[in-house]
Amino acid sequence: MQLRFTPEQAAFRDEVRAFIRERLPRDIRERMRAGHPARKQDTIAWQRILNERGWAAPHWPRAYGGADLDTVRRLILVEETFRAPAPEPLVFNINLLGTVLLRYGTEAQKRFFLPRLANADLWFCQGFSEPGAGSDLAALRTRAVRQGGHYTVDGQKIWTSAAHHADWMFALVRTSQEQRKQQGISFLLIDMRSPGVSVRPIIGLDGEHHLNEVFLDGVQVPVANLVGEEGAGWECAKYLLGAERSMVAAVGLCQERLDYARAMAGATVQAGRRLADDPRLAAELATLGAEIRALELTNWRYLLDPGIERSQPGFASVLKLKGSELLQEASTLVARLAGPAGIERRDLATDAALHPASAALPRYFYYRARTIAGGSSEVQKDILARLLLG
Ligand SMILES: Cc1cc2nc3c(=O)[nH]c(=O)nc-3n(C[C@H](O)[C@H](O)[C@H](O)COP(=O)(O)OP(=O)(O)OC[C@H]3O[C@@H](n4cnc5c(N)ncnc54)[C@H](O)[C@@H]3O)c2cc1C
């Protein structure tokens with residue numbers, strides 16, 4: 001089992017670091033370093049810079065605008081982006097929908113959508129969850145009835161990240177009622193400008209608008225926007241959720257927050273002493289560093305061994321569980337170190353932050369959601385209990 005980079009892989013990592021150093025706009029990096037989420041324009045600007053190099057969708061085939069990168073190089077790119085920190089290329093476009101279209105899309109869908117997804121010319125959101133269908137996603141009730149060349153879609157989605165920015169949504173809808181609830185679900189691409197689509201904001205604990213409710217009221221969707229077979233949307237959804245193996249642990253995000261905590265501890269002086277010189281804090285930072293390193297190595301073991309899911313089932317759940325807990329620990333530590341400066345206060349005239357650490361607390365709140373989104377910790381523990389304890 002390889003747990004050390006080959007010279008070629010190390011050279012690739014250096015190439016990525018140099019690229020990020022040269023090309024990542026400074027203002028974007030500084031905003032994100034302070035803990036602010038990437039703005040829409042920042043994500044688009046950085047994704048286009050990466051796309052010039054084929055790195056916006058690094059694992060896609062070159063024919064569709066990718067760079068055909070293998071798993072190791074792709075993960076190096078992802079982790080270095082997190083660690084910079086730079087905006088992550090739009091997950092819904094690249095990792096989720098792009099992956100599904102490459103497998104299940106028609107040639108016409110691939111030719112139209114993939115280049116636009118890679119260049120962020122279109123912004124997609126994910127319409128899966130509904131009130132009453134989150135952990136139990138197959139309980140979804142949004143209906144699509146086929147009438148000639150169109151489906152008419154009625155229902156409601158919830159927790160839809162960035163729907164207020166989106167041009168399109170990929171959605172799971174029910175096209176027939178079958179005995180098994182996983183059957184009769186279809187995967188549709190819905191133009192958010194269609195009549196009957198409305199978006200209502202949900203403001204998070206961090207005070208930011210990331211999430212939304214999306215209402216679909218008699219929305220007409222051309223049959224050409226069906227991905228895969230009608231009624232086989234659950235297969236697309238499972239493929240989409242399973243394909244994202246490399247991202248689940250988010251090691252780079254944990255590492256970036258830890259780096260930031262270390263920098264704060266080094267720069268903050270209290271009662272004449274640097275916080276970093278406090279042995280208890282130093283031990284805490286070292287313990288967290290060791291746990292993140294263990295997560296990193298476990299993530300590599302998972303990614304480099306294609307048979308691991310069979311030999312050690314539940315591995316992905318361990319990575320999701322541990323990665324989200326460590327990210328919460330690291331952001332909690334940053335919030336503690338920032339103290340009162342971590343409470344966001346802005347200059348009313350310029351809207352600039354009054355203190356460089358002022359995003360620490362909003363970020364702490366934002367990462368509370370990490371143990372819910374993408375499969376809650378309780379559900380991961382259920383999976384592990386079933387697999388390991390029978
Ligand atoms: C920040 C954020 C962003 C999101 N973005 C999107 C998005 O873009 N698109 C989208 O479609 N969805 C999105 N979601 C929704 C997310 O997928 C759901 O929140 C998640 O699947 C949980 O579903 P739920 O909220 O309905 O909670 P529920 O499923 O109702 O769960 C409620 C509680 O019960 C527990 N629970 C549920 N089932 C079990 C069980 N079997 N055993 C033990 N405990 C259980 C859960 O752990 C949780 O604590 C997002 C969520 C968050 C927090």
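Analyst: A domain here is a stretch whose bounds come from an automatic or database domain assignment. Keep in mind that this is a predicted model. The assignment gives domain 1 (7-89), domain 2 (124-231) and domain 3 (248-389).

User: Which domains does the shell around the ligand draw at least three residues from?

Analyst: Domain 2 (124-231) and domain 3 (248-389) each provide at least three residues of that shell. A residue counts as near the ligand if its C-beta atom, placed from the backbone, lies within 6 Å of it. In this model, 17 residues surround the ligand, and the closest are F128, G134, S135, S376 and E378.

User: What makes up the shell around the ligand by class, nonpolar, polar or charged?

Analyst: It has seven nonpolar, eight polar and two charged residues. Among the closest residues, F128 is nonpolar and E378 is charged, because Phe is counted as nonpolar and Glu as charged.

User: Which element gives the most to the shell around the ligand?

Analyst: That is α13, with three residues. Both α13 (377-389) and β1 (124-127) supply at least two residues each. For the wider picture, the protein has 13 helices and 10 strands.

User: How do you know that α11 and α13 meet, and which residues are involved?

Analyst: Residues are in contact when their C-beta atoms, placed from the backbone, lie within 7 Å. From α11, S317, K320, L321 and S324 meet S377, Q380, I383 and L384 of α13. Sorted by class, this contact has three nonpolar, four polar and one charged residue. The charged one is K320, because Lys belongs to the charged class.

User: What describes how the axes of α11 and α13 cross?

Analyst: Two packed helices are described by the angle and the distance between their axes. Here the axes of α11 (residues 315-338) and α13 come within 9 Å and cross at roughly 145°. The crossing is left-handed.

User: How many residues of domain 1 and domain 3 does their contact take?

Analyst: The contact takes 11 residues from domain 1 and 14 residues from domain 3. On the domain 1 side, helix α4 (residues 71-83) brings the largest share, six residues. That side has five nonpolar, three polar and three charged residues. The C-alpha centres of these two domains lie 21 Å apart.

User: Why does the radius of gyration of the protein agree with that of a compact globule?

Analyst: Let's set the value against the rule. A compact globule with 390 residues would have a radius of gyration near 21 Å, and the protein has 22 Å, so the two agree. Along its principal axes, the C-alpha trace spans about 75 × 55 × 45 Å.

Methods:
Residues are numbered from 1 along each chain as its sequence is written. This is a predicted model: local features need pLDDT of at least 70, side-chain atom pairs count only at pLDDT 80 or more; totals for chains, interfaces and linings use all residues. Helices (H or I, at least four residues) and strands (E, at least two) are DSSP runs, numbered from the N terminus. Axes are lines fitted to C-alpha atoms, for helices over the stretch in contact, and angles run from 0 to 180 degrees between N-to-C directions. A crossing is left-handed if the near helix is turned anticlockwise from the far one by less than a right angle, and right-handed if clockwise. Two residues are in contact if their C-beta atoms, placed from the backbone, lie within 7 Å. The radius of gyration is taken over C-alpha atoms; the globule rule is 2.2 Å times the number of residues to the power 0.38.
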